[in-house]
Amino acid sequence: MHPNRAFAWEDRGELLRFVADRAFAHVFTSSDAGLFVVHAPVLVTAEGNIRFHVARRNRIADHLGERRVLISVSGREAYQSANWYIAENQVPTWHYEAVEIEGTARTLADEELVDLLDRLSKHFEDIHQPEKPWTRDKMEPGRFDAMTKAIVGFEVSPTGIRGTRKFNQHKSDADLAATIAGQEEAGRADIVAAIREARGYDE
């Protein structure tokens, strides 16, 4: 995470909601066999734990259970030109938001894996297909069970969670206004919204 305290993001509830909303992560771990990373959808449980699954044939699968992992989730990001400032002697930078979670991965039991898959699909079907959501009942008998044998699920109870929101909120009002104007010209309404959120501006 960025060392500047101006960018620190520490509200645990906000951080977990961000992870739940983004719902896609890089999961890193290491073992005597080397360094590993997998890209996976994630689910935040009511207890604040992180669940995900990977293909059993993925090279990381045998190196996750009972090992410490680092989960990284990123959000809005964009380039910032030094021309978009009022002050002199500035340099280009990057706007971004990200959350890191540390913990030990526990292998899910079969019924927990099925619950994870059901919850993940329901979450996204409710967003993208609310009128006619997909459910596994639409699959041929036995097909879902056969496919779940090809994946393995994990749960991480966070022992550490850190966040960064870096959107020029430490700049002067004049430079922040110029930053917003530059991002608007670049067509980045999402970054303008993030800047306003980070600085506490009302729309």
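**Helices, salt bridges and loops**

Reader: What covers the buried residues of α4?
Author: The model here is predicted. In α4, D175, L176, A178, T179, I180, G182 and Q183 are buried. The elements covering them include β5 (68-80), β6 (93-107) and α5.

Reader: How far does α4 reach from its first C-alpha to its last?
Author: α4 has 13 residues. At 1.5 Å a residue, 18 Å is expected. The helix comes close to that expectation, with a reach of 18 Å.

Reader: α4 is followed by which residue with a positive phi?
Author: The phi in question is near 80°. It is a positive value, and it belongs to G187.

Reader: What is the pattern of helices and strands along the sequence?
Author: The protein chain has five helices and eight strands. Read along the sequence, they follow β-α-β-β-β-β-β-α-α-β-β-α-α.

Reader: How many of the contacts with a separation of 6 or more come from residues 24 or more positions apart?
Author: Set the scale first. The C-alpha atoms fill a box of roughly 65 × 50 × 25 Å along the principal axes. Of the contacts with a separation of 6 or more, residues 24 or more positions apart supply 73%.

Reader: Of the accessible surface, what share do carbon and sulfur atoms supply?
Author: Of the 203 residues, 40% count as buried. The protein chain exposes about 11700 Å². Carbon and sulfur atoms supply 49%.

Reader: How far apart are the mean positions of the positive and negative charges?
Author: The protein chain carries 26 positive and 33 negative charges. Each set has its own mean position. The two means are separated by 4 Å.

Reader: With which residue does E112 form a salt bridge?
Author: The structure holds 16 salt bridges. In the E112 pair, the closest N and O atoms are 3.1 Å apart. The partner is partly exposed, with a relative accessible area of 30%. That partner is R106.

Reader: K122 forms a salt bridge with which residue?
Author: The closest N and O atoms of the pair are 2.7 Å apart. Both residues lie in helix α2 (residues 110-128), four residues apart, about one turn of the helix. The partner has a relative accessible area of 39%, so it counts as partly exposed. K122 pairs with D126.

Reader: How many residues apart in sequence are the parts that R199 and D173 tie together?
Author: The side chains of R199 and D173 meet in a salt bridge, 2.6 Å from N to O. R199 lies in helix α5 (residues 189-199) and D173 in helix α4 (residues 173-185), so the separation in sequence is 26 residues.

Reader: Is D173 buried or exposed?
Author: R199 has a relative accessible area of 25% and is partly exposed. D173 has 51%. The cut-off for exposed is over 50%, so D173 counts as exposed.

Reader: Which residues do salt bridges that share partners join into one network?
Author: Shared partners link several salt bridges. The resulting network holds R51, R106, E112, D115, R119 and E155.

Reader: Which side chain of opposite charge is nearest to E125?
Author: E125 is found in helix α2. It is buried yet has no salt bridge. Beyond four places away in sequence, E125 touches P130, K132, P133 and W134. The nearest side chain of opposite charge is 6.7 Å away, and it is K138.

Reader: Is E66 buried or exposed?
Author: E66 is found in the loop between β4 (50-55) and β5. Its phi is positive, near 60°, in a residue other than glycine. At 59% relative accessibility, E66 is exposed.

Reader: Is N168 buried or exposed?
Author: N168 lies in the loop between β8 (160-166) and α4. Its phi is positive, about 60°, although it is not a glycine. With a relative accessible area of 2%, N168 is buried.

Reader: Which residues does A25 touch, not counting those up to four places away in sequence?
Author: A25 lies in strand β2 (residues 24-31). It is buried, with a relative accessible area of 0%. Its contacts are V38, H39, A40, V42, I71, S72 and V73.

Reader: What distance separates the C-alpha atoms of A25 and Q169?
Author: The two residues are 144 residues apart along the chain. Their C-alpha atoms are separated by 26 Å.

Note on methods:
Residues are numbered from 1 along each chain as its sequence is written. This is a predicted model: local features need pLDDT of at least 70, side-chain atom pairs count only at pLDDT 80 or more; totals for chains, interfaces and linings use all residues. Side-chain values use heavy atoms; hydrogens and water are left out. A salt bridge is a side-chain nitrogen of Lys or Arg within 4 Å of a carboxyl oxygen of Asp or Glu. Buried means under 20% relative accessible area, exposed over 50%, partly exposed in between (1.4 Å probe, protein chains only). Helices (H or I, at least four residues) and strands (E, at least two) are DSSP runs, numbered from the N terminus. Contact means heavy atoms within 4.5 Å. Accessible areas come from the Shrake-Rupley method with a 1.4 Å probe; for residues, only the protein chains shown count as cover. Lys and Arg count as positive and Asp and Glu as negative; His and the chain ends are not counted. The place of a charge is taken as NZ of Lys, CZ of Arg, CG of Asp or CD of Glu. The expected span of a helix is 1.5 Å times one less than its number of residues.
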